[in-house]
Amino acid sequence: MTVDNLAGTVRRLSSRRRFDAIVVGGGHNGLVAAFDLASAGLSTIVLERRPFVGGACVTEEFAPGFRASSGAYVLSMLRRSIWRDMRLVERGIRVDPAGPTLNVYPDAAHLWLDDDLDRTVEDVKRLSPADAAAFPRFERDLAAVGRAVTPVFERTPPSVAPRSVHEFLELAAYGRLALAHRKVLADAAFVFTASMTQFLDEYFSSPHVAAALGWHAVNDSVSGPSSPGTAYVLLHDHASEDAEGGVRQWGFVRGGIGRVTEAMADAVRERGGEIRTDAEVDAIVTNGDAVAGVRLASGEELQAPIVVSNADPKRTFLSLCADAPLPSEFVDRIQAYRCEGTSIKINLALSSLPAVAGQPAGTGPQPYHYGIMEVSPFLADLDRHQADARSGVAADPAHIEICFPTVHDPSLAPDGKHVATIDVNSQPYSLTDGGWDAVREDRADRAIAQLEAYFPGLSGMIEHRQVLTPLDLERQLGLTGGHALHGEMSAEQLFLLRPVRGWGRYRTPLRGLYLCGAGTHPGGGVTGANGRNAAREIVRDAGRSRRRASR
């Protein structure tokens, strides 16, 4: 390299030390925000601490030739506008619809839930004719509430004390939305405040049917199905833009869910955004009560008047902003924000595909291999499991979810072999007896032994396994408490109360610092709505600043 070329390189690198906006974290919401900011003409850089983007939407090799998702593993709620604007289909993203869900129970009963309502009703009829008759009404009622709630995902929560014409118009828009769905407002209020048990009791008498639907209450939560407010989780987990599709809307991304965030990163670069990996942010730098940029773990500093954190609220404010002049009342609320993960993730490298005892056998994959299988304790059991978890005791046995992504995409494993992805619930981040490093393998052994009762011979098929406890998820994916949703999805931490009251509109007490991750409205799930909503507010604020500066 000549002296002139070297000087040119140094000048280019120097010029890139200042940006209009810095996005901390390359998860899907951070990438969506970066795409929108770059599209609006802001010079934008995404800083990701890992060697690749994705956050909790990544696909990694966990054994030679075996790849699996270490965080989210099914796609269901990504907004249509993001599919369109980031041209994800044109970038090769393909989603195979999941097959039916097979629910199995401690008493050896089973129940199928299918996207085809008639097939679901027929199987429910085996267990309870009355519940089979009620199931279409349950689907219709939930879909009606979904139609009212889903548009809210893509709106910034309103200001309860509007001070500008724009804020008054926002509030009026919510009023029009409420008026349009006034017939279901009472039902929506009930879904948001009722327990899962109470909500399902209005439709079903069979404990098997209730368990097949109600286990969602314990997913990424320390609450039990009898806890007030847990009914909303059933709606949120399946809030696709096609509310008529009922409560089951998901699929497997070919190549793993990490392909989605890889494609999003390509879209960001195409709009002129920059992405740096292996770039861990050590601190958000402030100048008085305003952000001035970030400092990397390497010591390098990048300047920007706008910093957008895709990290969870606790990590953002208690770690990255540890030296910032935050109001003490705000810090107290962030410290009280509930963010304790409760699940273990296990990926298995299998020599062959295990079969479920008591189900029809065949030479190839069966219907349950194409969907998700739920090992479902009854709701009263789940309440006990969650009570134990809140006391620091991991449930054993537990609710377990298992799926086989390789039946959709054989490229995730060597020829003829398979990957199983397992979620074990009611496994608290904070344990009473010892820590997760000491009990990780024993707890995984117990979960696999529980599964072997349904998949005879499973243990003998395992060639390798990856066990990610809540502590491992915190270390590997940067999730405080190992919470995949960046915090409990409970009524006091939703909508304009997320993450904390007074700061539910993506802005923070530091001027120029914004949140865009799952710790903001509308919460967790691979929606992209958080990033898009945050970017819209940032662009609006930047426009106001430019107009003031030009006066």
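These legends walk you through several close-up views of a predicted model.

**View 1. The largest cavity, an enclosed space inside the model.**
The structure holds 4 cavities of 30 Å³ or more, and this view takes you to the largest, with a volume of about 130 Å³. Its lining is made of 15 residues, and S69, Y73, G256, P405 and L412 are those nearest the centre. Two strands, β4 (66-69) and β8 (251-253), each contribute at least two lining residues. The largest share comes from β4, with 3 residues. Sorted by class, the lining has 8 nonpolar, 4 polar and 3 charged residues.

**View 2. The second largest pocket and its lining.**
About 1100 Å³ of space lies in this pocket. If you would like a place to start, look for R507, T508, Y514, D541 and R544, which lie nearest the centre among the 39 lining residues. The elements that give two or more residues to the lining are α6 (165-180), β11 (290-296), β19 (513-515) and α19 (529-550). Of these, α19 provides the largest share, 9 residues. By class, the lining of the second largest pocket has 18 nonpolar, 8 polar and 13 charged residues.

**View 3. Helix α2, a mostly covered helix.**
Helix α2 takes in residues 28-39. At 1.5 Å a residue, its 12 residues should span 16 Å, and the end C-alpha atoms are 16 Å apart, so the expected span and the model agree. Of the 12 residues, 11 are buried. Among them are L31, V32, F35 and L37, along with H28, N29 and D36. After the helix comes G41, which has a positive phi near 95 degrees.

**View 4. Helix α18 and the elements it packs against.**
Helix α18 (residues 470-477) is also mostly covered, with 6 of its 8 residues buried. Those buried residues are P470, L471, D472, L473, E474 and L477. They pack against α12 (313-320), β14, α16 (436-452) and β18 (462-468). G478 follows the helix, and its phi is positive, near 75 degrees.

**View 5. N347, a buried residue in strand β14.**
Strand β14 covers residues 344-350, and N347 sits within this strand. N347 counts as buried because its relative accessible area is 0%, and buried means under 20%. The side chain of N347 makes a polar contact of 2.9 Å with the side chain of T421. Leaving aside neighbours within four places in sequence, N347 is in contact with F62, A68, S69, S70, A420, T421, H464, R465 and Q466. You may recognise S69 from View 1, where this residue is one of those nearest the centre of the largest cavity.

**View 6. T197 in helix α8 and its contacts.**
T197 belongs to helix α8, which runs over residues 196-201. With a relative accessibility of 18%, T197 falls under the 20% limit and therefore counts as buried. Beyond its neighbours within four places in sequence, T197 is in contact with P225, S226 and L379. With S226 there is also a side chain to side chain polar contact of 3.3 Å. For a sense of scale, the C-alpha atoms of T197 and G26 are separated by 37 Å, and the two residues are 171 residues apart along the chain.

**View 7. Two cis peptide bonds, each leading into a proline.**
One cis bond joins R498 and P499, with omega about 5 degrees. P499 lies in the loop between α18 and β19. The other joins H521 and P522, with omega about 10 degrees. Here the proline, P522, is in the loop between β19 and α19.

**View 8. A108 and S426, two loop residues with positive phi.**
Neither residue is a glycine, yet phi is near 75 degrees for A108 and near 60 degrees for S426. A108 is found in the loop between β6 (101-104) and β7 (110-113), while S426 is in the loop between β17 (418-424) and α16. Which of the pair is buried and which is exposed? At 69% relative accessibility, over the 50% limit, A108 counts as exposed. At 1%, S426 counts as buried.

Conventions: Residues numbered from 1 in each chain as written. Predicted model: local features only at pLDDT ≥ 70, side-chain atom pairs only at ≥ 80, totals over all residues. Heavy atoms only, no water. 1 Å grid on protein atoms, 1.4 Å probe; cavity = no way out; pocket = protein on both sides within 12 Å on 5 of 7 lines; lining within 4 Å. Points joined across faces, edges and corners; volume = space filled by probe spheres on them. Helix = DSSP H or I, 4+ residues; strand = E, 2+ residues; numbered from the N terminus. Nonpolar A, V, L, I, M, F, W, Y, C, P; charged D, E, K, R; others polar. Expected span 1.5 Å × (residues − 1). Buried < 20%, exposed > 50% of the residue type's maximum accessible area, 1.4 Å probe, protein only. Contact = heavy atoms within 4.5 Å. Polar contact = N/O pair within 3.5 Å; in protein donor to acceptor, adjacent residues only side chain to side chain.
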